[in-house]
Every structure is written in structure tokens, then in C-alpha cells.
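Subject: Handing over the structure

Dear colleague,

Here is the structure I promised to pass on to you, and below it I have written out what was found, with each term explained where it first comes up. Please keep the structure open beside this email while you read.

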Amino acid sequence: MKFFIDTANLDQIREAQALGVLDGVTTNPSLMAKEGITGRNNILKHYVDICSIVDGDVSAEVIATDFDGMVKEGEELADLHEQIVVKVPMIKDGVKALKYFGDKGIRTNCTLVFSPGQALLAAKAGATYVSPFIGRLDDISTDGLNLIGEIRHIYDNYAFETQILAASVRHTMHVIDCAKFGADVMTGPLSSIEGLLKHPLTDIGLEKFLADYKKGN
């Protein structure tokens with residue numbers, strides 16, 4: 001399973017990259033605003049800055065909600081850097097844009113997916129990635145992880161090449177469960193990745209090893 005970090009914070013991206021397990025980055029307008037990145041030119045520059053840190057794919061989201069607007073923005077984003085994946089919302093014109101970009105050889109990430117039917121449409125349209133938002137489903141008492149399993153089953157049935165990118169990952173257990181359910185990628189905060197490091201027996205064992213070493217040295 002690939003590990004993406006879901007942020008626009010360059011320091012966090014550098015820290016995840018230094019860990020040696022980072023495969024890519026996802027961002028969205030909310031994350032950009034959180035970091036104080038505003039204005040079209042500043043946002044575009046920030047995407048390039050992110051690409052200079054990581055080796056893998058960087059999802060950059062269109063703002064337009066009409067076909068022509070998404071095409072224009074998406075082509076501009078794709079031209080920024082070879083690592084850019086154009087992030088398109090799961091709406092009718094978004095599906096049309098997925099097909100257009102696919103025919104042009106532009107990679108895409110279909111975002112805001114909340115049902116198997118939406119994921120099926122995205123795959124049929126040729127999306128590179130599909131992003132089911134598991135955390136937001138959990139927020140409304142719906143099993144987000146079950147959605148990952150349903151999409152995995154459908155994609156395996158028909159050998160779709162679209163990768164399942166589990167989004168809205170909130171914590172470390174989400175990461176483990178996404179791996180169990182067969183997600184191709186998970187994207188979440190740095191804390192969800194670093195949480196995988198933690199286990200009390202590791203801490204206890206290391207403390208004992210060091211204490212025993214000090215006794216004889």
C-alpha cells in the first residue's frame with residue numbers, strides 16, 4: 001500500500017519524506033487555506049514546491065465545477081510538473097472531465113467519492129485514482145471502511161486499473177484497516193503514519209537493552 005500525506009504544509013511533507021516511506025501528497029483548497037496559501041499564482045507555485053520535495057504523485061485540485069472550466073484548470077495544473085495528478089470532483093461534468101483527461105494522457109484523482117456507484121463511474125471514465133472519504137462517512141455513522149471493501153470487490157471483478165486511494169484517513173487504525181481491506185493508497189495526516197511506529201513493548205524492550213548495556217560498559 002502506498003502512503004500519501006494529506007497536507008499543504010511543506011515542513012510536514014519534508015518530515016514524512018525523510019522517514020523514507022512517503023509515496024505522494026494530496027491537497028485540497030481547505031488545506032491550502034489552512035497554510036495561508038491564497039491567490040492562483042501562489043497556489044500554483046506551492047504545488048511546484050511540493051513536487052520538489054517528494055518523488056511521487058501530487059494531487060492538485062481544480063476549483064471549477066463545469067466541464068470547460070475543469071479542462072482549462074486541469075491542463076494548467078498538469079503542465080506545472082510531471083508529478084501532478086489532476087484532482088476532479090465526483091459530479092457529472094467531473095466524470096466527463098475524467099474521460100477527457102484520460103484520453104489526453106493526463107492522470108486524474110476523482111475526489112469526494114462516497115458510494116460504490118460513484119467509484120464505478122470514476123473507473124469507467126478512466127480515473128487514475130478514486131478517493132473514497134472514509135472519515136467523513138464515519139462522521140455520519142456510516143462504515144467508511146466497508147466502502148473500501150465494496151470498491152475493491154467491484155474493481156477486482158472487472159480488473160479496473162483505477163487505484164483506490166483511501167482519503168479522509170483520521171488516525172493510525174484507519175491506516176491498518178485500509179491495508180486489510182485492500183486499498184492501493186492511503187492518504188492522511190503525518191500523525192496517522194507516525195502512529196504506526198508506536199508500541200509500548202518496543203519502548204520497554206529498548207529501555208531494557210540500553211539499561212543492560214550500561215551495566216556492562
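In helix α9, which covers residues 172-181, the buried residues are H174, V175, D177 and C178, where buried means under 20% relative accessible area, exposed means over 50%, and partly exposed is what falls in between, with a 1.4 Å probe and with protein chains only. Helices here are DSSP runs of H or I with at least four residues, strands are runs of E with at least two, and both are numbered from the N terminus. An α-helix has 3.6 residues a turn, so residues three or four places apart point the same way. The cover over the buried residues of α9 includes the strands β1 (2-6), β7 (163-166) and β8 (185-188), together with the helices α7, α8 (144-158) and α10 (190-194). Just after α9 comes G182, which takes a positive phi of about 90 degrees.

Before going further, please note that this is a predicted model, in which local features need pLDDT of at least 70 and side-chain atom pairs count only at pLDDT 80 or more, while totals for chains, interfaces and linings use all residues. Residues are numbered from 1 along each chain as its sequence is written, and side-chain values use heavy atoms, with hydrogens and water left out.

From α9 we can move to A167, which sits in the loop between β7 and α9. A167 counts as buried because its relative accessible area is 6%. Between A167 and C178 there are 9.9 Å in space, C-alpha to C-alpha, and the two are 11 residues apart in sequence. If its neighbours within four places in sequence are left aside, A167 is in contact (heavy atoms within 4.5 Å) with S131, P132, F133, I134, G135 and T187.

One of those contacts, F133, deserves a paragraph of its own. F133 is placed in the loop between β6 and α7, and it counts as buried because its relative accessibility is 8%. Apart from neighbours within four places in sequence, F133 is in contact with T111, L112, V113, F114, A167 and S168. From F133 to I164 the distance in space is 11 Å, C-alpha to C-alpha, with their positions 31 residues apart in sequence.

Which aromatic pairs does the structure hold, and how many are there? A search of the whole structure finds 6 of them, where the rings of Phe, Tyr and Trp (its six-membered ring) pair if their centres lie within 6.5 Å, and where planes under 30 degrees apart count as stacked, over 60 as edge-to-face and the rest as tilted. One of these is the tilted pair of F114 and F133, with 5.7 Å from centre to centre and 55 degrees between the planes. This pair links distant parts of the chain, since F114 is in the loop between β5 (108-113) and α6 (116-124) while F133 is in the loop between β6 (129-132) and α7 (134-139), 19 residues apart. F114 has a relative accessibility of 31% and therefore counts as partly exposed. Y155 and F160 form an edge-to-face pair, because their ring centres are 5.6 Å apart and their planes stand at 70 degrees. Y155 is buried, with a relative accessible area of 0%, whereas F160 is partly exposed at 22%. In addition, F67, Y100 and F101 form one aromatic cluster.

Two further residues are worth finding in the model. S59 lies in strand β3, residues 57-61, and counts as buried because its relative accessibility is 1%. Without its neighbours within four places in sequence, S59 is in contact with V25, T26, T27, Y47, V85, K87 and N109. A125, in the loop between α6 and β6, is also buried, with a relative accessible area of 11%. Not counting residues up to four places away in sequence, A125 touches V95, L98 and K99, and it is 38 Å from L197, C-alpha to C-alpha, with the two 72 residues apart in sequence.

Lastly, for the chain as a whole, there are 11 helices and 8 strands, and 46% of the 217 residues count as buried.

With best wishes
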